[in-house]
Amino acid sequence: MRPHPKPQAFPLDMLAVNRSSPEHLSRQLYHGLVAIIRNRTLPPGSELPSTRALAAELGLGRNTIVAAYDQLVTEGYLANRQGARPVIVDLPEGPRETPTEEPPVPLRQPSLRGQQLLSQPYHHGRPGHVAFHPGMPDAQSFPFGVWGRLVARRASHGGETLFGTYDVTGHPALKDAIAGYLYSARGVRCRPEQIVITTGAQAAFDLLARLLLDPEDAVWMEEPGYYGAKAAFTVAGARILPIPVDQERGWRLDALDFSPRLIYVTPACQHPLGITMRMEERLRLLDIAETANAWVIEDDFDGEYRFQGRPVPAIQSMDRSGRVIYVGTFAKLLFPALRLGFMVLPPELAGRIVNALSTTGQFAPLLLQAALADFITEGHMSRHLKRMRRIYAQRRQLFREIVTERLRDEITLSPAEAGIQVVGYLKDGIDDIKVSQAAARRAINVSPLSKYFQNTAPTQGLVLGYAACDAAQTRDGVERLAAAIREVLG
């Protein structure tokens, strides 16, 4: 048995406590004692003062000392002995609390996939910066009173099934409601068991990328295109091959001669340009996918908000070979923080998806799903959507008038047919990244169009969301955007 070291003067100067600090005195004492032990100011086996003696020395209550000692015993820093003072445990040498002369050992880098994840673009905005965040709906107009009652009702009477990890593919009532809604609104043909509820569209892209792609697989993707989906495919190791898209010529599907494993499109409202895929392009896309035996992801980005004619049917409604995966979200219909989306899978995938969901944990809270099912089936969503289409049509017109009047020499707005954002093409020589940075300094949130390009020369412009701004916010936002452009122009 190792003999106890000779008694040493206890370093009381390291146990100073600050009575005006919000941290409890016992926690302050605990941290000071941990530093003494970890730095080996007292060697292992040293006895600590008795709780009465230390309380008297520090002018603290004995219970404060007891609480600190008990925590140190629980964590293994001290060993209690019957009828004797606690002693310091002989712990392995670990990192010291005080800096040393030696440089720290560099941490291992993340994996290659992790480095890819960390390098992907981020654009989620900040509170109060609603002008002109792309894709941001008007949350102020959402019927939160109705929503709160539905959530409270489900929380009170939901029963066991809403509070466990059941129905990982989605709450049955919500899947039924979505199937009915999709058929009437978008022409999507599916059974409820083909629907998988996700924590937003991005979660669907991440899961689908891992399910469907191997490293170096070719993915055809619109250019310019949605960088969130592109990030998911890139991290999965895919090679992104651009489908050129522009206002005049649409989707140039004949521009690629390499067979794809997957094709990603936003046909109802191309993101970010806001145009709609023509019927001949849809049929050509399906023919290419059949020939290449490729999957198609149809991202219904803003398809509900169309301001010329009726919403167009989904490509999924024309699919006869079971290769189109339809992805949707409630972020634009309701509010983004709801974090509920869905995908409609071909039967072959739908039957096995539960295993992947269980592994990834990508399933949404059942309580919110049940409340959303009630929101849809009781007619609240259709009324809300009808109202918001009218409001957004008015805001779209006002936004176009103000921008055209105030910034006609700097910005040309695209004639977008759908969606709650619009592209503003910048005059030659104006850098869209610099404009977006100058706008951010003025609490204006815009997205540079060049960020949506990866493989071809970018077009300079801004993706501008108008839906969340009333008339006063729009006028003020355009003035601040004008000031940002003036700053860039010098």
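Me: What makes the link between D470 and A472 at the start of α15 a polar contact?
Reply: This is a predicted model. In it, a side-chain oxygen of D470 comes within 3.2 Å of the backbone nitrogen of A472. The cut-off for a pair of N or O atoms is 3.5 Å, so the pair counts as a polar contact.

Me: How do you know that the length of helix α15 agrees with what is expected?
Reply: Helix α15 covers residues 471-489, which is 19 residues. At 1.5 Å a residue it should span 27 Å, and its end C-alpha atoms lie 27 Å apart, so the two values agree. The expected span is 1.5 Å times one less than the number of residues.

Me: Which residue follows α15, and what is the sign of its phi?
Reply: G490 follows α15, and its phi is positive, near 80°.

Me: Why are some residues of α15 called buried, and which ones are they?
Reply: A residue is called buried because its relative accessible area is under 20%. In α15, T474, G477, V478, L481, A482, A483, A484 and I485 meet that test. An α-helix has 3.6 residues a turn, so residues three or four places apart point the same way.

Me: What covers the buried residues of α15?
Reply: The cover includes two helices, α13 (380-406) and α14 (432-440). Strands β11 (411-413), β12 (421-426) and β14 (461-465) are also part of it.

Me: What makes a space a cavity, and how many of 30 Å³ or more are there?
Reply: In a cavity a 1.4 Å probe fits but cannot get out. The structure holds one of 30 Å³ or more. The largest cavity has a volume of about 40 Å³. Its lining is R396, F399, R400, A416, A418, G419, Q421, V422 and Y466. α13 and β12 each give two or more residues to that lining, and α13 gives the most, with three.

Me: Why does G419 count as polar in the lining of the largest cavity?
Reply: Gly is placed among the polar residues, so G419 counts there. By class, this lining has five nonpolar, two polar and two charged residues.

Me: What makes the largest pocket a pocket and not a cavity?
Reply: A pocket is an open set of points, whereas the probe cannot get out of a cavity. The largest pocket holds about 920 Å³ of space. It is lined by 36 residues, with H123, H124, Q202, Y226 and R339 nearest its centre. α8 gives the most to this lining, with five residues.

Notes. Residues are numbered from 1 along each chain as its sequence is written. This is a predicted model: local features need pLDDT of at least 70, side-chain atom pairs count only at pLDDT 80 or more; totals for chains, interfaces and linings use all residues. Side-chain values use heavy atoms; hydrogens and water are left out. On a 1 Å grid over the protein atoms alone, a cavity is a set of points where a 1.4 Å probe fits but cannot get out, and a pocket is an open set with protein on both sides within 12 Å along at least five of seven lines; lining residues have an atom within 4 Å of a point. Grid points are joined across faces, edges and corners, and a volume is the space filled by probe spheres set on the points. Helices (H or I, at least four residues) and strands (E, at least two) are DSSP runs, numbered from the N terminus. Buried means under 20% relative accessible area, exposed over 50%, partly exposed in between (1.4 Å probe, protein chains only). Contact means heavy atoms within 4.5 Å. A polar contact is a pair of N or O atoms within 3.5 Å; within protein, one must be able to donate a hydrogen and the other to accept it, and residues adjacent in sequence count only if both atoms are side-chain atoms.
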